[in-house]
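Work through the exercises below with the sequence and the coordinates open side by side. Each task is followed by a solution that proceeds step by step.

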Amino acid sequence: MRAAAALDDPPCCWLCLEEGTDASGKPLIRNCSCRGSSGFAHLSCIIDFAENKSRQAFERDKYNVEFYFRICPGCDQYYQDDVKFALAKAELEFVEREYKNNHLLYIDALKERMITLDFKGDHDRPELEIICSKMLSIIVEVLKDPLLQYNVLTRAMAMAQRGMGSFRYQLENLKEAKKHFEQAKVLYEAAGDTVVAMGMDRKIVMIEAKLSGNKPEVDKAAKIIYWRKLYNECSKKHGENHLFSIDTGILLATVLGKAYHTIEAERHLNNLVQVSRRVLGIEHKLTKKALAKLQQIKVREVYVSSEKDWFQALRYESDGEKIVVQGPLPDRPLPERLNERNLDEEKIFTVASNDIVPMKGTPVVVKNLQCSQYPSILVPAFMRLKRASYLNGKIGDIRAYTEDDKICEIYFEEEGFKPTKVKLENVRILFELPEQKLKRKAWSLLKTILALSALFFIHQKMCHSGMRTQMLPTHTSLSVTENE
């Protein structure tokens, strides 16, 4: 919660226009995306404003009550952290006081209050249990009467079941969590949210594995497909500038990074950071989250054989013969290994490039491939050389590495290139990604458009020239007659 005291010119509450504290002694607060001296208000003033506006909205369309409790009308962005926590409580109290018989408003307010509470700690558990009981009562009542069921309410009930499932899962009450996720899946499917229903399926499978005593298997490819679909659906529904899209995009980038799709993850995060800075501001928690994730994924980790430890690669020297590294990195799994670094205790030194092994997922560029990369006697030497040089300059992620042969398998960013095994001596770590080239399909489309444009221009030129040729004799004879 950002206080007004940090600014040179003391702002005032944009609602009551008073500076300083309110009647109860509480200061001006702001936790949205407003910048400068705008957006500050007393919490009591925001609550009064939200209640009045909500009553007016309810009279118009029987909904939109939540808008004024959750979104700042100045920047049109969601409130965060302490302000969000306080307003979610105020919204629930308001709805229980005035609109308790409206199932949609009530369950939505309960769900919003629920997500602001701490599922892991003991402090909020009594309130969470009460909220779960109230939400279940509403769901049972609605499901008994088909006349009460409609799409928006079905989706709200699905979100409530999902929230209760997450809460039970944190308490290690796996059987109850599974029941909630199963109900959420049914409701999401009924509401037409098939992508989110896929997510419930994944949670159910994970719980079933735990209940059977097995370690849940992580299908990284399926996970990427799910998060891509969810991000695309969110962007299509809300736009890529929306807070939900940015948040989902960060989760997608996290999944991509864990699956060693580092180049795609880094490019995606670069875009998200720019969007979030522009829309939400540099102080917004999602901007900070995206930037922290970007900085983390840009760390190029290498194993230094002579040191028998992991280090961060910084840059090449001596035309790539040597590489500067910093570390060692803490002996912890990712991402804790990068979060718990003590830079003051790390050393920076230079080692030979052939003394390091890049971590899986490291972005690399292929260099100096020779025909020896393709030893097959069935392929003529000149063709082998062509095949080898074809990959020089191409960039991709290392997805696998064979220690004995010192060969890594590279998945290339550019479309049309199959994963290829390349000797470690023929790759160089990419510390900064180059600008992304047009994809082959887009490039082909562009070439087609240019070719059609050229043909149209030639056709127009020929038509124009033909008209001039046909007109020329008549024009000449007239000119001669006039001169005579």
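The exercises treat one helix, then the cysteines, then a single threonine.

This is a predicted model, in which local features need pLDDT of at least 70 and side-chain atom pairs count only at pLDDT 80 or more, while totals for chains, interfaces and linings use all residues. Residues are numbered from 1 along each chain as its sequence is written, and side-chain values use heavy atoms, with hydrogens and water left out.

**Exercise 1. Compare the expected span of helix α9 with the distance between its end C-alpha atoms, and describe its faces and its ends.**

Step 1. Helices are DSSP runs of H or I with at least four residues, numbered from the N terminus, and the expected span is 1.5 Å times one less than the number of residues. Because α9 comprises 19 residues (220–238), it should span 27 Å, and the 26 Å between its end C-alpha atoms agrees with this.

Step 2. Take buried as under 20% relative accessible area, exposed as over 50% and partly exposed as in between, with a 1.4 Å probe and protein chains only. Ile224, Tyr226, Trp227, Leu230, Tyr231, Cys234 and Ser235 are the buried residues of α9. Viewed down the helix axis they fall within an arc of 165°, so they line one face; the arc is that of the directions from the axis to the C-beta atoms.

Step 3. These buried residues pack against α8 (194–211), α10 (243–258) and α11 (262–279), where contact means heavy atoms within 4.5 Å. On the other side of α9, Lys236 and Lys237 are exposed.

Step 4. At the N-terminal end, Asp219 caps α9 through a side-chain oxygen 3.3 Å from the backbone nitrogen of Ala221. After the helix comes Gly239, with a positive phi near 95°.

**Exercise 2. How many disulfides does the distance rule give?**

Step 1. A disulfide is a pair of cysteine sulfur atoms within 2.5 Å, and by this rule the count is zero.

Step 2. For Cys32, which is in no disulfide, the nearest cysteine sulfur is that of Cys34, 3.6 Å away. Cys72 is likewise in no disulfide, its nearest cysteine sulfur being that of Cys34 at 3.6 Å.

Step 3. Cys32 is buried at 1% relative accessible area, and Cys72 is buried at 2%.

**Exercise 3. Is Thr262 buried or exposed, and which residues does Thr262 contact?**

Step 1. Thr262 lies in helix α11 and is buried, with a relative accessible area of 8%.

Step 2. Apart from neighbours within four places in sequence, Thr262 is in contact with Ile297, Arg300, Gly361, Thr362, Pro363 and Asp397.

Step 3. For Gly361, the backbone oxygen lies 2.4 Å from a polar side-chain atom of Thr262.

Key. Helices (H or I, at least four residues) and strands (E, at least two) are DSSP runs, numbered from the N terminus. A polar contact is a pair of N or O atoms within 3.5 Å; within protein, one must be able to donate a hydrogen and the other to accept it, and residues adjacent in sequence count only if both atoms are side-chain atoms.
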